[in-house]
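Work through the exercises below with the sequence and the coordinates open. Try each task before reading its solution.

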Amino acid sequence: MYLEIVSPEATLFAGDVTAVTVPGVDGEFQMLENHAPIVSLLQQGKVKVKGNITIDEAFQDKFSKGSNGETVLEITSGTVEMKDNKVIVLAD
């Protein structure tokens, strides 16, 4: 599936991934390929991305590696939309 992580400054990441876990306001949840369409608010926490991804050098300082090998981005709030195997995370 395709993931875009967009902040007010720039698009931090865009590319194919295998899974995305986000901090929803009612708890953390994960989206895999062919997930049902969803729109949700996000709270402070970690966006965890699984897959063989490459982060642009300009934004590598915003990401870290998680304990399970996933790529992690700390956010304070945001929204997520999943539709037709495309996930868009608007993150603050």
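Three exercises follow, on a model that is predicted.

**Exercise 1. Secondary structure**

Task: State how many helices and strands the chain has, and give their order.

Solution:
- Count the elements: there are zero helices and ten strands.
- Read from the N terminus: the order is β-β-β-β-β-β-β-β-β-β.

**Exercise 2. The chain as a whole**

Task: Decide whether the radius of gyration of the chain agrees with that of a compact globule.

Solution:
- Take the length, 92 residues. A compact globule with that many residues would have a radius of gyration near 12 Å.
- Compare: the chain has 12 Å, so the value agrees.
- Add the extents: the C-alpha trace spans about 30 × 25 × 25 Å along its principal axes.
- Add burial: 40% of the 92 residues count as buried.
- Turn to contacts with a separation of 6 or more: residues 24 or more positions apart account for 54% of them.
- Finish with the surface: the chain exposes about 5,300 Å², and carbon and sulfur atoms supply 46% of that area.

**Exercise 3. Val39**

Task: Place Val39 in its strand, classify Val39 as buried or exposed, and find its contacts beyond four places in sequence.

Solution:
- Locate the residue: Val39 lies in strand E5, residues 38-42.
- Apply the cut-off: exposed means over 50% relative accessible area. Val39 has 65% relative accessibility, so Val39 counts as exposed.
- List the contacts: leaving aside neighbours within four places, Val39 touches Val80 and Glu81.
- Check one pair: Val39 and Glu81 are 42 residues apart along the chain, yet their C-alpha atoms are separated by 4.4 Å.

Conventions. Residues numbered from 1 in each chain as written. Predicted model: local features only at pLDDT ≥ 70, side-chain atom pairs only at ≥ 80, totals over all residues. Heavy atoms only, no water. Helix = DSSP H or I, 4+ residues; strand = E, 2+ residues; numbered from the N terminus. Rg over C-alpha atoms; globule rule 2.2 N^0.38 Å. Buried < 20%, exposed > 50% of the residue type's maximum accessible area, 1.4 Å probe, protein only. Contact = heavy atoms within 4.5 Å. Areas by Shrake-Rupley, 256 points an atom, 1.4 Å probe, with all protein chains shown as cover.
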